[in-house]
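Good morning, and thank you for coming. I should like to take you through one structure today, beginning with a pair of helices and ending with a few individual residues. Please keep the structure in view as I speak.

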Amino acid sequence: ERFDRGRFSEAEVARTVTETAVAILQARGEPARTERLLGEILVGLDRAGHLRRLVAPEVDGGANDGGSAVSDQAGLADDRRRDDRPADHPRPPNAPERPATGPEADSAARSSPRGSFGSLRGSPASTGSESVRAPEVAVAADRVERLLALVRDELTRPDHRRLREIEPGRWWLTDRDDVAAAALPLADRVEWSVFSLLSTAGRLSESAFNERIAGLFTGHDLPDETLVGACLESYRSLASTPDRIVTSDDLLTRSQGHSELIAELANLGHRLGLRVWISSREQAHRLGRRNLSAWLDDSEFRSGPPHVGRARAELIDQVDVTWHFRARVTMLFEVEWTAMLGEPLLRRGGQIPADPDLVRFLVVAPERTELIRYKLERSPLLRSALETGNWHIIKANHLRAFAEREQPSLAELEPYLGLDPVVERQSGEQTTLFEG
């Protein structure tokens, strides 16, 4: 391949490392582990010609920035020419001994120092009947070690303005514009693709399903098999077999259930003596013979969405349901039948600053419990958003059970909260979330 035979530049390598890592994270829309980034980064360096510049001398014959690597390569060529003399041709008195070969050389190579990325590097191997020579192994190891060190140093640079290690071995974007340009989280896109495929593809075997999903995601956003498996497990019905997987989820039924939960929340808020607001986009949805706007009274219409701290009213209006009480406390409810948490927690929720008087609730379908748990375990961003945003998870069936109480009160809501709530465990001390 033709490539620019300029000087090997560590600064250019660092720039390519950053640009490639940012592109990967933006395409995935979620944090990625070091091993996921490293392979793609090496491909990016190769495409930019940096790997070939590292091992090739410049056109003018001078040493490139690779320094000793190129000089060693030239020296090895001279040694090879000297060592190819016939057996009866005497070796000059001052000629160096033939370098060690065979297992000893491989052992020496394996014992050479490595950086934190060194375990991801393959070991040199012999070809045919010729053994790899120790000096050649050392030169190759030095080049790989140098390259991995450049990648490692750029990713972990303390003053990096675009990348950060949000937990050991997992990376995410720092720059606000880079984050804004990122795609929806890969986990959410895979989940929706799994549901869409199961609900529209007709008769589909498990192997055919995996092939179809693999064709939808390639390149930077290639999903892990465990993610696909977790989504499939959440949406497949008990009637599924390896030869025919089906889902019991129906989009129309789920949409209807979503509207019913919003109406339930509006009724419950009024019973608790709170003022209620339903998102403008939800008000036009019909439930029975009425629009959801019918669940608001005239004074609530006139007041519109409440003001919460520094959050703009139009941001509060994007939330499904809001309860508020005389500007003292505000409760936001996001109702979801999927486990797609990126939109409510990170995008919409991330635009509403945390406030001492703001409490948020995520109402979820009980069928999504394990998929939500899996997503929270794999995403430090979601876990952080739950904690800093004062979010509480409540399953839809538990919300209905609480609403059916004869005289519900906020002080009695605590046992219904969480992926493993007290009402399911039927033990443990019950504490109160709200006082007075």
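Let me start with α8 and α10, which are oblique to each other, a word used here because angles under 35 degrees count as roughly parallel, over 145 as roughly antiparallel, 65 to 115 as roughly perpendicular and the rest as oblique. The two helices pack at an angle of about 45°, with axes 9 Å apart. Axes here are lines fitted to C-alpha atoms, for helices over the stretch in contact, and angles run from 0 to 180 degrees between N-to-C directions. Helices (H or I, at least four residues) and strands (E, at least two) are DSSP runs, numbered from the N terminus.

Before going further, I note that this is a predicted model, in which local features need pLDDT of at least 70 and side-chain atom pairs count only at pLDDT 80 or more, while totals for chains, interfaces and linings use all residues. Residues are numbered from 1 along each chain as its sequence is written, and side-chain values use heavy atoms, with hydrogens and water left out.

Returning to the helix pair, the crossing of α8 past α10 is right-handed: the near helix is turned clockwise from the far one by less than a right angle, whereas anticlockwise would make a crossing left-handed. Which residues of α8 meet α10? They are L186, A187, V190, E191, V194, F195 and L198, and on the α10 side they meet L227, V228, C231, L232 and Y235. Contact, throughout, means heavy atoms within 4.5 Å.

This brings me to the interior. The largest nonpolar core has 33 residues, and those with the most contacts inside it are V190, F209, L345, I372 and L376. By nonpolar core I mean a set of buried Ala, Val, Leu, Ile, Met, Phe, Trp, Tyr and Cys residues joined through side-chain atoms within 4.5 Å. Buried means under 20% relative accessible area, exposed over 50%, and partly exposed in between, with a 1.4 Å probe and protein chains only. Two or more residues come from each of α8 (186–200), α9 (206–216), α10 (225–235), β9 (358–364), α16, α17 and β10. Of the contributors to this core, α8 gives the most, with seven residues. Apart from this core lies another, of 32 residues, including L287, L296, W323 and L410. As general background, nonpolar side chains in soluble globular proteins tend to be buried together.

Within the largest core, consider L376. Beyond its neighbours within four places in sequence, L376 is in contact with L341, L382, R383, L386, I393 and L419. Of these, L382 and L386 are also among the buried residues of α17 (380–388), together with P380, L381 and A385. The cover over the buried residues of α17 includes β2 (163–167), β3 (170–173), α15 (342–348), α16 (369–378) and β10.

Next, the sheet. Five strands form an open sheet in the order β4-β7-β8-β9-β10, with mixed pairing. Its edge strands, each pairing on one side only, are β4 (275–278) and β10 (391–395). From one strand to the next the twist averages 20°. Two strands pair if DSSP finds at least two bridges between them.

Taking the pairs in turn, β4 and β7 (321–325) run antiparallel and are joined by four bridges, with I278 partnered by V321. β7 and β8 are also antiparallel, over five bridges, and T322 has L332 as its partner. Between β8 and β9 the sense is parallel, over seven bridges, with F333 matched to F361. As for β8 (329–336), seven of its eight residues are buried, so this strand is largely enclosed by the rest of the structure.

What is the phi of N390, which is not a glycine? It is positive, about 55°. For context, most residues other than glycine have a negative phi. N390 sits in the loop between α17 and β10 and is partly exposed, with a relative accessible area of 31%.

I close with R400, in helix α18 (396–403). R400 is partly exposed, at 32% relative accessible area. Leaving aside neighbours within four places in sequence, R400 is in contact with G257 and L261. The C-alpha atoms of R400 and L261 are separated by 8.2 Å, although these residues lie 139 residues apart along the chain.
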